[in-house]
Amino acid sequence: MPVTRRDFIRGGVAAFTVSFAAPAFLSDIARAQGARSRSLVVVYLGGGNDALNTVVPYQDQFYYSRRPTIAVPAGQVLQIGTDSGGRALGLHPRLTGLQGIFNEGRLAIVQRTGYQNSSRSHFQGSDIWGTANPSNSTTTGWLGRYLESVPKDALSGWATTREVPRALLSKEVSVPGIPDARGYVFATPNTAAEGLNERAAAQRIASHVAVDRPHLAFVNGTATGAFDTLDRVASVAAYNGTVAYPNNGFAIALRTVAGSIVRGTGTRVYWVQTGGYDTHATQGAQGGGAYGNLMGTLGDGLAAFYNDLRNQGLLSQTLVLQFSEFGRRIAENGSAGTDHGAAAVMMAMGGSVRGGIYGTAPLLNPDLNNPTLENNGTDVRYETDFRAVYARVLDNWLGAASPAILGGDFRTGAPPIV
Amino acid sequence: MARSETGVEHLLRRAGFGASQDDLKAFEDTSTSGVLQYLLDYERQPDDVDSKIGDPAYASINAGGGFSPNLNIEHARQRWLFRMVHSRRPLQEKMALFWHNHFATAYTKIAAAAGGAQATRMMASRSDELPGPQGQIELFRSMALGSFRDLLIEVAKDPAMLFWLDGRLNTRQRPQENFGREVMELFTFGIGHYNEFDVYAASRVFTGWNLRLVNRGNDANSYYEFIFNANQHDTGEKTFSFPVYSNGNRTIPARASSDGMQDGIDFITALATHPDTARRLARKMWDYFVSEVVEPDETTLRAAASAYLQTGTRIESIVHFMLRSREFQNPGNWRTRFSWPVEYVVRAVKEVGWAGFSVDTLRGPLTTMGQTLFEPPDVNGWELGPGWFTTGGMLARMNFAAQLAGNQRLNLVRAVGGSASSPESVLDFFLDRLSPAPFDQSARSELLTYLEAGGAWTGSDTQLRTKVAGLARLIVGAGEYQIV
């Protein structure tokens, strides 16, 4: 019987509540140290991204023969040169903004990232990427463990999702889930002055120690977390950005993150998620259709975020890291979609990124001896362990010690993306 | 006096959505076991809750342009919420909610492919109101406690599911793995009991399970219905890593395409009767009915699973087992579940009041709390238990409490009536009407302090109007109210 997230929280409740009992000045110190320092923005593509249509090996004949309907035509890809193996690559045609960033040398693409015996389950896969532990994916998250290593603060992490992802799960730090700062206010049925009375009472009730009721303590902890972050998040709510963001949830979340960085809330790790990548069917032909729309949402949102931060002069202290729980099968299925596969691409973007193409593209020849494939030539085999990329980000960007956080040394062979 | 924690109220919170004042009155002279019997034998109660929609004695609905819950998803949501608030068969709605999470199917994907009206039909249509098969949620309601094997067969044929997990696109030449994988990983025995080759084989089993559109082009009369398309069925044998037949045989034999549907029946029967499916269902129902804090012991799980297997996969066997168990009755296990947003808002409406309150008002708050009905985040369902509670989710609950309290202000003032003489009497009134888990002494005194914040208690109309809404929002928005 696998351990559930709930089992974990049950065990972690005591420590969790203690962190909220820390003296207020600790939070102030944390805020002062965190403000205007580096931040990591994770962009998670939920559902398993069809990476072969994100970064297209457009000169591989097997790409076209195995994807007769859904392949992106060679003439449409946005060329980005060749990898170290000499394989020509192109971005999906809807990623025009990312091509520009690539050309500026601020987009790194790491091909064939994954791990041995890749899980084809969404839920196990995302937990493995979240915990950085393929053999026991029911532990704390890798970013949660990072947040444990820095001064505690109620806003040191910020998930722009309603559910806080496994990656940010910690025994000591509670990460708030705030999709849009504009809705993050304490409402009252009465006047504003009376609302303050209600808020004061609610805050005091939530801060009482719930003796022998750890689950109540946990719930109260989330209320306390809300009260501890309301005012700082309110300072972000009015942020409109220096560029026009597209009107969708992903871009609004990125605008919220930009606002938080600009206002100096001190948040170190943000989690942004965009879904719909489980493209089992009709994912679109000629670079269009459903997958084209996904790429448009991704590329346009990231480009707006990048340009906004550049205008604000904050690009060099922001790193975006993108991944998904798995890639998809090489061959399309009978419904012009792709089923669950293995390795995929990771990307990093930001003013301090060493752009370029890392790793090599798979050869898509369905030969059983093809070393770049697995599962009888149906799926892409990983070349770079995803934890090596995590390690690089932890060590070289966040200034942490990756072996302790990842539970092993993955620094060797890590692509030098930052 | 604060309302005491009784077995009846515990039962109504767990096997239903809590108790209104009327419910409490109705069960005043009934024993706990009598109430349990009432809840379990819900077929004896008339299934007439929909006929109360529009009656001013009940919560209202917002039916701009005419109420059409079989064709408009927002109306379907209102109908289901209305049922949860007012049904005389609360366990039926509670089980429908359980299955909605277990077979988590989301409207948006279906609507993108088939249009909103057809998608609503597939999710929620009543077959006595519109031609065509019943919607998925009606399927769950009608088979809520019956045979899990039969339910799983109906789910595999369910138009909403055939859209949701792409079964309609599964072809002989190139099988589609979406349903074949999830029927094992999420609907039955779970991860760890199958391998990738089983996924391929399972996908081939369901080739030909498809849909046709009847009366195309006429929205009121057109609908999707299941057909078995023998031409698209893969007739070859399919071998699994686990036994499919009771003699231990792991291979579904090659069959003529006309008999091909039997592949799926055999396979579903194997999955439904697998001991690990029994165990997994028992565990999920433990969490749903008994506790999310206390672990079930091995004997309990084994006994519940064996009841299920011995009754030919009857779901009611597990539900009965859980609700009758000593662990369920043990007060130490009361208040050890984290209420789902839907459970929370429905209970709050039942307790605070619904006169002049539209269930459509629940739409925005539920989304912010993380639970839009007919829109689970993915096929794995919602992240339950503590997963519901983030700072944003908790803030949404506190704000919903404020909204409901403001909406019911005048009704609450009227109800307080003669109990307005002192802060203590007002607080006692509310702790009797509402059902938070017990507040400890210090939290209780904070509530009293609040009643006099801004001025000593006079019981004036103005003060009462302000403070009843404020107090109701504090209680319903407190952590103590979130655990059930």
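**Reading a two-chain predicted model**

Biologist: Let's start with the interface: how many residues of chain B are in contact with chain A?

Modeller: In this predicted model, 59 residues of chain B are in contact with 50 residues of chain A; contact means that the C-beta atoms, placed from the backbone, lie within 7 Å. Residues are numbered from 1 along each chain as its sequence is written, and chains are lettered from A, ligands numbered from 1, in the order in which they are written. Local features need pLDDT of at least 70 and side-chain atom pairs count only at pLDDT 80 or more, while totals for chains, interfaces and linings use all residues.

Biologist: Which element gives the largest share of chain B's side?

Modeller: That's α20(B), with eleven residues. Helices here are DSSP runs of H or I, at least four residues, and strands are runs of E, at least two, numbered from the N terminus. Elements giving two or more residues include α20 (391-407), α23 (441-451) and α24 (461-476) of chain B. By type, chain B's side has 21 nonpolar, 25 polar and 13 charged residues; Ala, Val, Leu, Ile, Met, Phe, Trp, Tyr, Cys and Pro count as nonpolar, Asp, Glu, Lys and Arg as charged, and the others, Gly among them, as polar.

Biologist: And how do I read a sheet? What is the strand order in chain A?

Modeller: Strands of a sheet pair through backbone hydrogen bonds, either parallel or antiparallel. In chain A, an open sheet of three strands runs β2-β4-β3 with antiparallel pairing, where pairing takes at least two DSSP bridges. The edge strands are β2 (55-56) and β3 (78-82) of chain A. Three bridges join β3(A) to β4(A), residues 88-91, and Leu78(A) has Leu91(A) as its bridge partner.

Biologist: What about overall shape: what radius of gyration does chain B have?

Modeller: It's 24 Å, taken over C-alpha atoms. A compact globule of 484 residues would have one near 23 Å, so chain B agrees; that rule is 2.2 Å times the number of residues to the power 0.38. The C-alpha trace of chain B spans about 85 × 55 × 40 Å along its principal axes. Chain B has 25 helices and four strands.

Biologist: Where should I be careful in chain A?

Modeller: Where pLDDT is low, the predicted coordinates should not be read in detail. pLDDT, the predictor's confidence in each residue from 0 to 100, stays under 50 over residues 1-35 of chain A. Chain A still averages 90, with 91% of its residues at 70 or more.

Conventions
Two residues are in contact if their C-beta atoms, placed from the backbone, lie within 7 Å.
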